[in-house]
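Colleague: I've got a new model open and I'd like to learn how to read it. Could you walk me through it?

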Amino acid sequence: MLGAAVMGMGPEAYALGPEDRAGVPQGGETGVASAADVSRMAIIIDDLGNGMKGTDEMFKLPMKLTVAVMPFLPTTKADAARAHKRGDDVLLHLPMEPRQGKPEWLGPGAVLARMSDGEVRKRVEAALDDVPYAIGINNHMGSKVTGDERVMRIILDVCRERGLFFVDSKTNYRSVVGRMALEMGLPKVENQIFLDDIHTAGHVSKQMSLAGKMARDNRFCITIGHVGVQGRQTAAGIRTGYESLKNQVVFVGISDLLREEWHWTPKPLLP
Ligand SMILES: [Zn+2]
């Protein structure tokens with residue numbers, strides 16, 4: 001039985017082998033033996049809201065997903081509603097400025113590092129109001145903004161005011177989000193592994209096995225895949241991975257992990 005679900009544990013902690021774990025501070029334990037014996041995986045699917053390829057295939061997957069929907073796009077509302085109806089968790093997938101990459105990849109309503117405090121707040125609130133059922137936010141791109149304390153403080157403030165949390169997609173290893181979230185009394189929740197950094201079903205199912213190993217070693221794993229040009233391949237790889245993991249890992253939504261591992265329940269204020 002592993003008891004290393006420490007609030008705020010960074011990805012570096014997941015690299016520890018079992019023999020190293022004795023030195024890891026024991027915190028955040030559920031105190032329930034059956035819960036501690038279960039390995040959980042939360043799969044976040046990014047980039048919904050624009051009728052991208054793979055959307056239907058993702059919604060046909062047999063497990064609970066966490067669906068991250070971009071604001072102000074043609075299928076934003078439909079995708080969020082569809083996810084909610086299926087019992088999936090919904091996140092706002094907030095476009096945030098990257099260090100590199102084309103501005104047009106960001107999509108409408110993006111948060112840029114050069115914006116004033118007031119403009120950042122206005123954009124985050126408008127984006128949240130546009131995505132129904134959102135219980136939290138994760139970043140679309142954002143390697144620049146997730147390293148910017150001033151802008152992140154405003155985004156996390158809005159999360160706190162609205163009973164939401166922020167999942168750092170970890171597009172930037174210098175991200176300040178985890179540390180700031182802890183300072184502000186929010187859970188530190190981070191993507192641990194991208195499923196489709198190479199866009200073939202074979203690679204995605206391999207990443208699924210890796211995520212499954214992380215879940216078994218560390219009680220849980222948070223992982224991200226995407227709809228998009230190669231979205232059908234990603235969905236196919238997730239399905240294959242699911243078939244080989246379904247007896248070892250419980251697939252949950254991010255809100256289930258928050259409750260069970262962080263003892264934190266989102267309380268979204270409805271617009
Ligand atoms: Zn994205």
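Modeller: Sure, and let's begin with pairing: two strands count as paired if DSSP finds at least two bridges between them. Keep in mind that this is a predicted model. Take strands E2 (residues 66-69) and E3 (residues 89-96): 4 bridges join them, and they run parallel. One such bridge has Ala 68 facing Leu 91 in E3. To get from E2 to E3, the chain passes through helix H3 (residues 76-86), and this β-α-β crossover is right-handed.

Colleague: Which strand lies beyond E3, and how many bridges join the two?

Modeller: That's E4, which is parallel to E3 and joined to it by 7 bridges. Leu 92 sits opposite Ile 137 of E4. Here too there's a right-handed β-α-β unit, built from E3, helix H4 (residues 117-130) and E4.

Colleague: And where does E4 lead?

Modeller: Strand E4 (residues 134-141) pairs with E5 over 3 bridges, in the parallel sense. Gly 136 has Phe 165 of E5 as its bridge partner. Helix H5 (residues 149-161) carries the chain from E4 to E5 in a right-handed β-α-β crossover. Then E5 is joined by 2 bridges to strand E6 (residues 189-190), again running parallel. Asp 168 is partnered there with Glu 190. E5, helix H6 (residues 177-183) and E6 form a right-handed β-α-β unit.

Colleague: How do I read the two faces of a strand? In E3, which residues point one way and which the other?

Modeller: Look at where each side chain points, then ask whether the residue is buried. From E3, Asp 89, Leu 91, His 93 and Pro 95 point one way, while Val 90, Leu 92, Leu 94 and Met 96 point the other way. The strand is mostly covered, with 8 of its 8 residues buried. E5 (residues 165-168) reads in a similar fashion: Phe 165 and Val 167 point one way, Phe 166 and Asp 168 the other way, and all are buried.

Colleague: What does the nonpolar core look like, then?

Modeller: The general idea is that nonpolar side chains tend to be buried together in soluble globular proteins. In this model the largest nonpolar core has 67 residues, and those with the most contacts inside it are Ile 44, Ile 45, Val 69, Val 90, Leu 92 and Phe 166. Leaving out residues up to four places away in sequence, the contacts of Val 69 include Val 90, Leu 92 and Val 131.

Colleague: Let's try a helix. How does the span of H7 compare with what its residues should give?

Modeller: You check the distance between the ends against the expected rise per residue. H7 (residues 201-218) has 18 residues, so at 1.5 Å a residue it should span 26 Å; its end C-alpha atoms are 25 Å apart, which agrees. Next, look at which residues are buried: in H7 they are Val 204, Ser 205, Gln 207, Met 208, Ala 211, Gly 212, Met 214, Ala 215 and Asn 218. They cover an arc of only 165° around the axis, so they lie on the same side of H7. Their cover includes strand E1 (40-48), strand E7 (193-194), strand E8 (220-226) and helix H8 (231-245).

Colleague: Can we zoom in on one of those residues?

Modeller: Try Ala 215, which belongs to helix H7. Ala 215 counts as buried because 24 other C-beta atoms lie within 10 Å, and the cut-off is 20 or more. Ala 215 and Met 41 are 174 residues apart in sequence, yet 6.2 Å apart in space, C-alpha to C-alpha. Among the residues Ala 215 touches are Ser 39, Met 41 and Val 249.

Colleague: What should I look for in the backbone angles?

Modeller: Look for a positive phi in a residue other than glycine. Arg 219 is such a residue, with phi near 80°. Arg 219 lies in the loop between H7 and E8, and it counts as buried because it has 24 C-beta neighbours inside 10 Å. Lys 170 isn't a glycine either, and its phi is positive at about 65°. You'll find Lys 170 in the loop between E5 and H6.

Colleague: And the chain as a whole?

Modeller: The chain has 9 helices and 9 strands. Of its 271 residues, 48% are buried.

Technical notes:
Residues numbered from 1 in each chain as written. Predicted model: local features only at pLDDT ≥ 70, side-chain atom pairs only at ≥ 80, totals over all residues. Expected span 1.5 Å × (residues − 1). Buried ≥ 20, exposed ≤ 12 C-beta atoms within 10 Å, placed from the backbone. Arc of directions from axis to C-beta. Contact = placed C-beta atoms within 7 Å. Core = buried A, V, L, I, M, F, W, Y, C linked by C-beta atoms within 7 Å. Right-handed = clockwise from strand over helix to strand, strands pointing away.
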